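The paragraphs below go through one structure, taking helices, loops and single residues in turn. Please keep the sequence and the 3D view open while reading.

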Amino acid sequence: MGMSVTISVATEQDAEQIFRLQYLCFQSEAALYGNYRIDPLVQTLESVREEVVSDCVFVARLGDEVVGSVRGRVTEDGAAAIGKLCVHPRLQGHGIGARLLRTAEAALADERGATRFRLFTGHRSEGNLRLYRRSGYETVGRAKGADGVEMIILEKQAGAYAQTA
């Protein structure tokens, strides 16, 4: 009998698995840009622990294994910054990323009062861009990340849910 993936709030005990998963998942992004100094690859375990405690962090689990994660926090302008969405490479393409994104959006709007959502992705990250656009996000600008990668900034209003049929 197969196991199903469940989504839940991350706990402090999940920080190390999130840290390791993030490092694995963002290798392909680093290769895409020829830059292995991107933020998800240089973030410290202690910093991940701090985010799990302070931010809105969800994980996808397959049994006891963390196979996906996403983080969000409300910024001073009322927008929720969503980031570091990742799914284990062997489970990508099965809707887990979209489920994590929807869960984070709902929690950030309902529990933390976010009025809109904002996220960034690299300009060459076509898979990410497809997911975000299917989820109702629109490009609102570009910025250069601290690591030098050109980022596309996407936003959507809270309550603006994409049609999926």
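The crossing of H1 and H4 is right-handed. The model is a predicted one, and this pair of helices is a convenient place to enter it. Their axes lie 9 Å apart and make an angle of about 120°. H1 and H4 are therefore oblique to each other, given that an angle over 145 degrees would count as roughly antiparallel and one of 65 to 115 as roughly perpendicular. The residues that meet are Ala-15, Glu-16, Ile-18 and Phe-19 on the H1 side, and Leu-45, Val-48, Arg-49 and Val-52 on the H4 side. Sorted by class, this contact consists of 6 nonpolar and 2 charged residues, with no polar ones.

Take H1 by itself next. Helix H1 spans residues 15-25, and its buried residues are Ala-15, Ile-18, Leu-21, Gln-22 and Cys-25. Around the helix axis they cover an arc of only 125°, which puts them on the same side of H1. What lies over these buried residues? The cover includes the helices H2 (27-33), H3 (39-42) and H4 (45-54), together with the strands E2 (56-62), E3 (65-74) and E4 (79-87). Two of the buried residues of H1, Ala-15 and Ile-18, also take part in the contact with H4.

H4 can be read in the same way. Val-48, Glu-51 and Val-52 are its buried residues. Viewed down the axis of H4, they fall within an arc of 100°, so they line one face of the helix. H1, E2, E3 and E4 are among the elements that cover them. Val-48 and Val-52 also appear in the contact with H1.

The loops on either side of H1 each hold a buried residue. Asp-14 is in the loop between strand E1 (5-9) and H1. Is this charged side chain's residue buried or exposed? Asp-14 has a relative accessible area of 5% and is therefore buried, the cut-off being under 20%. Apart from neighbours within four places in sequence, Asp-14 is in contact with Val-9, Val-59, Arg-61 and Val-66.

Phe-26 is in the loop between H1 and H2. With a relative accessible area of 13%, Phe-26 is buried too. Setting aside neighbours within four places in sequence, the residues in contact with Phe-26 are Ile-38, Pro-40, Leu-41, Lys-84, Leu-85 and Cys-86. Tyr-36 is 10 residues from Phe-26 in sequence, and their C-alpha atoms are 9.0 Å apart.

One of the contacts of Phe-26, Lys-84, belongs to strand E4. Lys-84 counts as buried, at 18% relative accessibility. The phi angle of Lys-84 is near 50°, a positive value in a residue other than glycine.

Beyond E4 the chain enters the loop that leads to H5, where Gln-92 lies. Gln-92 is partly exposed, having a relative accessible area of 46%. Gln-92 and Arg-118 are 26 residues apart along the chain, and 22 Å separates their C-alpha atoms.

Further along, Ser-125 is placed in the loop between strand E5 (116-122) and helix H6 (126-134). Its relative accessible area is 2%, so Ser-125 is buried. Which residues does Ser-125 touch, not counting those up to four places away in sequence? They are Glu-29, Leu-32 and Tyr-33.

In H6 the buried residues are Leu-129, Leu-131 and Tyr-132. The arc they cover around the axis is only 160°, which puts them on the same side of H6. Arg-130 and Arg-134 are exposed on the other side of the helix. The elements covering the buried residues of H6 include E4, helix H5 (96-110), E5 and E7. Just after H6 comes Gly-136, with a positive phi of about 100°.

The last stop is Ala-146, in the loop between strand E6 (138-144) and strand E7 (150-157). Ala-146 has 95% relative accessibility and so counts as exposed. Asp-39 is 107 residues away from Ala-146 along the chain, yet the two C-alpha atoms are separated by 8.2 Å.

Methods
Residues are numbered from 1 along each chain as its sequence is written. This is a predicted model: local features need pLDDT of at least 70, side-chain atom pairs count only at pLDDT 80 or more; totals for chains, interfaces and linings use all residues. Side-chain values use heavy atoms; hydrogens and water are left out. Buried means under 20% relative accessible area, exposed over 50%, partly exposed in between (1.4 Å probe, protein chains only). Helices (H or I, at least four residues) and strands (E, at least two) are DSSP runs, numbered from the N terminus. The arc is that of the directions from the helix axis to the C-beta atoms. Contact means heavy atoms within 4.5 Å. Axes are lines fitted to C-alpha atoms, for helices over the stretch in contact, and angles run from 0 to 180 degrees between N-to-C directions. Angles under 35 degrees count as roughly parallel, over 145 as roughly antiparallel, 65 to 115 as roughly perpendicular and the rest as oblique. A crossing is left-handed if the near helix is turned anticlockwise from the far one by less than a right angle, and right-handed if clockwise. Ala, Val, Leu, Ile, Met, Phe, Trp, Tyr, Cys and Pro count as nonpolar, Asp, Glu, Lys and Arg as charged, and the others, Gly among them, as polar.
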